[in-house]
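Please walk through this model step by step, with the sequence and the structure side by side.

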Amino acid sequence: MNQSASMRGKGRPALKSAARIGIGGPVGSGKTALIERLIPALTARGVDVAVVTNDLVTKEDALRLQRSGLIDPARVLAVEAGACPHTVIREDPSLNLAAAERLNQMFPEADVIFIESGGDNLASTFSLDLVDYWLFVIDTAGGDDIPRKKGPGIIRCDTLVINKIDLAPHVGVSVEGMLEEALAVRAGRPVIQTDCKRLTGIDDLVERLLHDVLFTHA
């Protein structure tokens, strides 16, 4: 679906370059769970997916996805950051760029490569040399004051995801109020609410990605 391509040499066919979508957010906000819901939803729409995960010194998120049965394990690569999570997605994204390029070479039919950041703070942002589009994931259990803190991740991301809306009643959070404040600090830019257990909001997020990244409503 993604039509961007580059020539690898005169006379050679063009190699399609998969769109790279970053997924950032604090520890425990549900980034990996969100990917687990997006993979089958996008696959059902004919979108070919691969994933790069980032962790500090482990491959836990990659192993979780590889064992999930949702995706060919070979389509999931792990990057061990070994430093602050934002270092390898912003200051020096070379490890992630290399992993994405490896997946692109291995699976030239891929439409999308998700790049999941390690859990970070609200200041986490992606280098635009690394991703074409990025999501930032927060959750209701973190408190309804998160949007008001106006971290760069919340303000600058292409789409903000407010996850775990099912937990809001249990932590005394107003989902409606959190959404209103998020829209206000983002000046009306996209905010989508999700509950990964019940798949709430997943179709809305898929439609957003199809429209904004893959330029289709298919």
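**From the first helix to the cores**

Start with helix α1, residues 31-44, which has 14 residues. From its first C-alpha to its last, α1 reaches 20 Å, close to the 20 Å expected at 1.5 Å a residue. Keep in mind that this is a predicted model. The buried residues of α1 are K31, T32, L34, I35, E36, L38, I39, A41 and L42. After α1 comes G46, whose phi is positive, near 85°.

Move on to the strands. Strand β4 covers residues 49-55, and strand β5 covers residues 76-80. The two pair in the parallel sense, over five bridges. One pair to locate is V51 and its bridge partner in β5, V76. Helix α2, residues 60-66, belongs to the same story: β4, α2 and β5 make a right-handed β-α-β unit.

Now look at the loop between β5 and α3, where H86 has its place. Is H86 buried or exposed? H86 is buried, because its relative accessible area is 18% and the cut-off for buried is under 20%. Leaving out residues up to four places away in sequence, H86 touches E91, D120 and S124.

The loop leads to helix α3, residues 94-106. This helix has 13 residues. Its span from first C-alpha to last is 18 Å, close to the 18 Å expected at 1.5 Å a residue. Which residues of α3 are buried? They are N96, A99, A100, L103 and N104. These residues cover an arc of only 140° around the axis, so they lie on the same side of α3.

Next, find I113 in strand β6. I113 is buried, with a relative accessible area of 1%. Its contacts, not counting residues up to four places away in sequence, are A18, A19, R20, I21, A50, V52, A100, L103 and N104. Three of these names come back from α3: A100, L103 and N104 are among the buried residues of that helix. R75 is 38 residues from I113 in sequence, and their C-alpha atoms are 9.2 Å apart in space.

I113 also belongs to the largest nonpolar core, which has 32 residues. Which members touch the most other members? They are I113, I115, F136, I138 and L160. The elements that give two or more residues to this core are β4, β5, α3, β6 (112-116), β7 (133-139), β8 (159-163) and α5 (175-185). There is also a second, separate core of 31 residues. Its members include A41, F114, C196 and L210. A41 is one of the buried residues of α1.

Finish with two backbone details. Most residues other than glycine have a negative phi. K164 is not a glycine, yet its phi is positive, about 60°. K164 lies in the loop between β8 and α5. At 24% relative accessibility, K164 counts as partly exposed. A187 is not a glycine either, and its phi is positive too, about 55°. A187 sits in the loop between α5 and β9 (191-193). Its relative accessibility is 69%, so A187 counts as exposed.

Technical notes
Residues are numbered from 1 along each chain as its sequence is written. This is a predicted model: local features need pLDDT of at least 70, side-chain atom pairs count only at pLDDT 80 or more; totals for chains, interfaces and linings use all residues. Side-chain values use heavy atoms; hydrogens and water are left out. Helices (H or I, at least four residues) and strands (E, at least two) are DSSP runs, numbered from the N terminus. The expected span of a helix is 1.5 Å times one less than its number of residues. Buried means under 20% relative accessible area, exposed over 50%, partly exposed in between (1.4 Å probe, protein chains only). The arc is that of the directions from the helix axis to the C-beta atoms. Two strands pair if DSSP finds at least two bridges between them. A crossover is right-handed if, with the strands pointing away from the viewer, the path from the first strand over the helix to the second runs clockwise. Contact means heavy atoms within 4.5 Å. A nonpolar core is a set of buried Ala, Val, Leu, Ile, Met, Phe, Trp, Tyr and Cys residues joined through side-chain atoms within 4.5 Å.
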